[in-house]
Amino acid sequence: MQRKVRVIAPSSKDENSLNYLIKAKEILGKENFLLNWSNDIFAEAELPFFASSKAFMVKDLINSFQSDDERIIWVIRGGYGAANLLDEFSKTPPRKDKIFIGFSDATAIHLVLNQKFGMASIHGPTLSNFIKNENSFAIFENILLSDKVSYDLEQITNRDYQTINSCVN
């Protein structure tokens, strides 16, 4: 069975971003994963370091969590911009059967998923980091290939920190 992965770019892009997508598709394709992304993933943006326009990034993020097509949502790279998407993203509860993977700037999305929607996520490598380490697939293999959508994790209850974005409260 082929596993489908939705690749999103809620943050920045660089001159290698398209090459990361192609390489990730090749590597994960060998493991029977099909990577999908929008044609506009690296479209024109308001600022040159954003992957695409804010309007598109919000729409793509929300649609990824509502779609029936892919179970895994994987961030291509970090950078800057994801926090700008949270106001809109936090208004639409995501489907709970999704696995979200990423770190760096995507940490803002993890906070909304975890704290607002009570959803687990994987604070792990972006696809651009994943393809640079040949051992990455072995580390994630059990999670990526499993049909299991629920894992027992110990919750951190000591919250000696303050959130700075009202979307995660």
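Visitor: Why is Asp14 called partly exposed?

Guide: This is a predicted model, and in it Asp14 has a relative accessible area of 24%. Buried means under 20%, and exposed means over 50%. The value of 24% lies in between, so Asp14 counts as partly exposed.

Visitor: What makes the contact of Arg77 with Asp14 a salt bridge?

Guide: The closest N and O atoms of Arg77 and Asp14 are 3.5 Å apart. The cut-off is 4 Å, between a side-chain nitrogen of Lys or Arg and a carboxyl oxygen of Asp or Glu. The 3.5 Å value is within 4 Å, so the pair is a salt bridge. Arg77 sits in the loop between β3 and α3, and Asp14 in the loop between β1 (3–8) and α1 (17–29). The two residues are 63 residues apart and link distant parts of the chain.

Visitor: Is Arg77 buried or exposed, and how do you know?

Guide: Arg77 is buried. Its relative accessible area is 19%. The limit for buried is under 20%, so Arg77 meets it.

Visitor: How many salt bridges does the structure hold?

Guide: The structure holds six. Another of them joins Lys91 to Glu88. There the closest N and O atoms are 3.1 Å apart, which is within the 4 Å cut-off.

Visitor: What class of exposure do Lys91 and Glu88 get?

Guide: Lys91 has 58% relative accessibility. Exposed means over 50%, so Lys91 counts as exposed. Glu88 has a relative accessible area of 39%. That lies between the limits of 20% and 50%, so Glu88 is partly exposed.

Visitor: How do you know that Asp97 forms a salt bridge with Arg95?

Guide: Their closest N and O atoms are 2.5 Å apart. The limit is 4 Å, so the pair qualifies. Asp97 counts as partly exposed at 29% relative accessibility. Arg95 is partly exposed too, with a relative accessible area of 25%. Asp68, Arg95 and Asp97 are linked in a network of salt bridges.

Visitor: Why is Glu70 called buried?

Guide: The relative accessible area of Glu70 is 6%. Buried means under 20%, so Glu70 is buried. Glu70 is found in the loop between α2 and β3.

Visitor: Which residues is Glu70 in contact with?

Guide: Leaving aside neighbours within four places in sequence, Glu70 is in contact with Lys4, Val5, Arg6, Asn36 and Lys98. Contact here means heavy atoms within 4.5 Å. Asp97 lies 27 residues from Glu70 along the chain, and their C-alpha atoms are separated by 9.8 Å.

Visitor: What makes β1 and β2 a pair?

Guide: Four bridges join β1 to β2. Pairing needs at least two bridges, so the strands pair. β1 and β2 run parallel. One bridge partner in β2 is Asn36, opposite Arg6.

Visitor: Why are β2 and β5 called edge strands?

Guide: The sheet is open, with five strands in the order β2-β1-β3-β4-β5 and parallel pairing. β2 (33–36) and β5 each pair on one side only, and they are the edge strands.

Visitor: Which residues have the most contacts inside the largest nonpolar core?

Guide: They are Trp74, Phe100 and Leu127, in a core of 45 residues. The largest share of this core, five residues, comes from α2. Phe100 touches residues including Ile8, Phe65, Ile73 and Leu113.

Visitor: Which residues of helix α4 are buried, and what do they pack against?

Guide: In α4 (residues 107–116), the buried residues are Ala108, Ile109, His110, Val112 and Leu113. They pack against α2 (54–66), α3, β4 (99–102) and β5 (122–123). Just after α4, Gly118 takes a positive phi of about 60 degrees.

Visitor: What makes Tyr80 eligible for a surface patch?

Guide: Tyr80 has a relative accessible area of 45%. A patch residue needs over 30% and no salt bridge. The 45% value passes the area limit, so on that count Tyr80 is eligible. With Leu47 and Phe49, Tyr80 forms a nonpolar patch of about 280 Å² accessible area together. Tyr80 lies in the loop between β3 (72–75) and α3 (86–89).

Note on methods. Residues numbered from 1 in each chain as written. Predicted model: local features only at pLDDT ≥ 70, side-chain atom pairs only at ≥ 80, totals over all residues. Heavy atoms only, no water. Patch = residues over 30% accessible without salt bridge, like charges linked within 9 Å, V, L, I, M, F, W, Y side chains within 5 Å. Areas by Shrake-Rupley, 256 points an atom, 1.4 Å probe, with all protein chains shown as cover. Buried < 20%, exposed > 50% of the residue type's maximum accessible area, 1.4 Å probe, protein only. Core = buried A, V, L, I, M, F, W, Y, C linked by side-chain atoms within 4.5 Å.
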